[in-house]
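Subject: Structure for your files

Hello,

Here is the structure I said I would pass on. My notes on it follow below.

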Amino acid sequence: DSPDYGLWQTEVSRSQYAVKDCDEGELHWVPEKAISGLSLWPGDRIFLKLLFETEKFFDLKLVYDETGILEKAILDGKEIPHQELIETYGLEEKDLK
(Lines give C-alpha, C1' and ligand atoms only; values in the text may rest on other atoms or scores of the structure.)
Protein backbone atom coordinates (compact mmCIF):
# COMPACT_ATOMS: atom_id res chain seq x y z
CA ASP A 1 0.00 0.00 0.00
CA SER A 2 1.62 3.24 -1.11
CA PRO A 3 1.14 6.58 0.63
CA ASP A 4 -1.12 9.22 -0.86
CA TYR A 5 0.48 12.45 -1.99
CA GLY A 6 -1.29 15.68 -2.84
CA LEU A 7 -0.29 18.54 -5.08
CA TRP A 8 -2.14 21.81 -4.92
CA GLN A 9 -1.45 24.36 -7.60
CA THR A 10 -3.05 27.65 -6.71
CA GLU A 11 -1.66 29.99 -9.33
CA VAL A 12 0.34 29.74 -12.53
CA SER A 13 2.26 32.61 -14.01
CA ARG A 14 4.01 32.83 -17.33
CA SER A 15 6.59 35.19 -15.83
CA GLN A 16 10.19 34.08 -15.99
CA TYR A 17 12.38 33.93 -12.92
CA ALA A 18 16.09 33.30 -12.49
CA VAL A 19 16.91 29.58 -12.56
CA LYS A 20 18.49 28.40 -9.29
CA ASP A 21 21.00 25.58 -8.80
CA CYS A 22 19.36 22.17 -8.48
CA ASP A 23 20.73 18.88 -7.12
CA GLU A 24 18.37 16.87 -9.36
CA GLY A 25 20.22 17.55 -12.61
CA GLU A 26 20.46 20.41 -15.05
CA LEU A 27 17.61 22.85 -14.60
CA HIS A 28 16.70 25.23 -17.40
CA TRP A 29 13.73 26.93 -19.02
CA VAL A 30 12.11 24.94 -21.80
CA PRO A 31 10.05 26.70 -24.47
CA GLU A 32 6.37 25.76 -24.14
CA LYS A 33 6.32 24.23 -27.64
CA ALA A 34 9.24 21.92 -26.72
CA ILE A 35 7.61 20.42 -23.62
CA SER A 36 5.73 17.71 -25.53
CA GLY A 37 9.05 16.33 -26.79
CA LEU A 38 10.40 15.75 -23.29
CA SER A 39 10.33 12.47 -21.41
CA LEU A 40 7.29 13.05 -19.18
CA TRP A 41 5.18 10.96 -16.85
CA PRO A 42 1.84 10.12 -18.50
CA GLY A 43 -0.02 12.23 -15.95
CA ASP A 44 2.19 15.22 -16.75
CA ARG A 45 0.82 15.16 -20.30
CA ILE A 46 -2.75 15.26 -18.96
CA PHE A 47 -1.92 18.00 -16.44
CA LEU A 48 -0.09 20.18 -18.96
CA LYS A 49 -2.83 19.87 -21.59
CA LEU A 50 -5.39 20.99 -19.01
CA LEU A 51 -3.11 23.75 -17.76
CA PHE A 52 -2.41 25.18 -21.22
CA GLU A 53 -5.83 24.64 -22.81
CA THR A 54 -8.38 25.42 -20.12
CA GLU A 55 -9.11 28.56 -18.16
CA LYS A 56 -11.25 26.90 -15.50
CA PHE A 57 -10.14 25.40 -12.21
CA PHE A 58 -9.70 21.64 -12.36
CA ASP A 59 -9.13 18.87 -9.86
CA LEU A 60 -6.91 16.07 -11.19
CA LYS A 61 -5.95 12.90 -9.32
CA LEU A 62 -3.41 10.54 -10.91
CA VAL A 63 -2.93 6.99 -9.63
CA TYR A 64 0.22 5.07 -10.65
CA ASP A 65 1.21 1.49 -9.88
CA GLU A 66 4.58 0.63 -8.35
CA THR A 67 6.22 0.48 -11.82
CA GLY A 68 5.05 3.94 -12.91
CA ILE A 69 2.15 2.78 -15.09
CA LEU A 70 -0.87 5.08 -14.88
CA GLU A 71 -3.74 3.11 -13.34
CA LYS A 72 -6.32 5.88 -13.53
CA ALA A 73 -6.79 9.59 -13.96
CA ILE A 74 -9.69 11.28 -12.22
CA LEU A 75 -10.70 14.72 -13.49
CA ASP A 76 -13.17 16.72 -11.42
CA GLY A 77 -14.29 13.57 -9.62
CA LYS A 78 -14.85 11.45 -12.77
CA GLU A 79 -12.47 8.83 -14.09
CA ILE A 80 -11.18 9.63 -17.57
CA PRO A 81 -11.94 6.63 -19.84
CA HIS A 82 -8.96 4.71 -21.20
CA GLN A 83 -9.73 5.59 -24.83
CA GLU A 84 -10.01 9.29 -24.00
CA LEU A 85 -6.58 9.19 -22.35
CA ILE A 86 -5.19 7.97 -25.68
CA GLU A 87 -7.23 10.09 -28.11
CA THR A 88 -7.49 13.37 -26.19
CA TYR A 89 -4.35 13.41 -24.07
CA GLY A 90 -1.96 11.56 -26.39
CA LEU A 91 -1.03 8.75 -24.01
CA GLU A 92 0.13 5.39 -25.31
CA GLU A 93 -1.13 1.91 -24.40
CA LYS A 94 2.25 1.09 -22.80
CA ASP A 95 1.73 3.94 -20.30
CA LEU A 96 -1.67 2.69 -19.12
CA LYS A 97 -2.90 -0.19 -17.02
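**Contacts of Leu50**

Not counting residues up to four places away in sequence, Leu50 touches Phe58, Leu60, Leu75 and Tyr89. Please keep in mind that this is a predicted model. Leu50 itself is part of helix α1, which covers residues 42–53. Its relative accessibility is 11%, and because the cut-off for buried is under 20%, Leu50 counts as buried. As for one of its partners, Leu60 is 10 residues from Leu50 in sequence, and their C-alpha atoms are 9.4 Å apart in space.

**Overall layout**

The chain contains 2 helices and 3 strands. Taken in sequence order, these elements give the pattern α-β-β-β-α. The chain has 97 residues, and 21% of them count as buried. Its accessible surface is about 8200 Å², with 50% of that belonging to carbon and sulfur atoms. Among contacts in the chain with a separation of 6 or more, 30% are between residues 24 or more positions apart.

**The sheet**

The 3 strands form an open sheet in the order β1-β2-β3, and the pairing is antiparallel. β1 (60–64) and β3 are the edge strands; each has a single partner strand, so one side of each has no neighbour in the sheet. Between β2 and β3, which run antiparallel, there are 2 bridges. Ile74 has Glu79 of β3 standing opposite.

**The loop at Asp76**

Asp76 sits in the loop between β2 (70–75) and β3 (78–79). The phi angle of Asp76 is near 50°, which is a positive value in a residue other than glycine. Is Asp76 buried or exposed? Neither label applies: the relative accessible area of Asp76 is 37%, so this residue is partly exposed, given that buried means under 20% and exposed over 50%.

**A pocket**

I also looked at the second largest pocket, which has a volume of about 230 Å³. It is lined by 13 residues, and those closest to its centre are Ser36, Arg45, Leu48, Lys49 and Phe52. Sorted by class, the lining of this pocket comprises 5 nonpolar, 3 polar and 5 charged residues.

Regards

How values were computed:
Residues numbered from 1 in each chain as written. Predicted model: local features only at pLDDT ≥ 70, side-chain atom pairs only at ≥ 80, totals over all residues. Heavy atoms only, no water. 1 Å grid on protein atoms, 1.4 Å probe; cavity = no way out; pocket = protein on both sides within 12 Å on 5 of 7 lines; lining within 4 Å. Points joined across faces, edges and corners; volume = space filled by probe spheres on them. Nonpolar A, V, L, I, M, F, W, Y, C, P; charged D, E, K, R; others polar. Helix = DSSP H or I, 4+ residues; strand = E, 2+ residues; numbered from the N terminus. Buried < 20%, exposed > 50% of the residue type's maximum accessible area, 1.4 Å probe, protein only. Contact = heavy atoms within 4.5 Å. Areas by Shrake-Rupley, 256 points an atom, 1.4 Å probe, with all protein chains shown as cover. Pairing = 2+ DSSP bridges.
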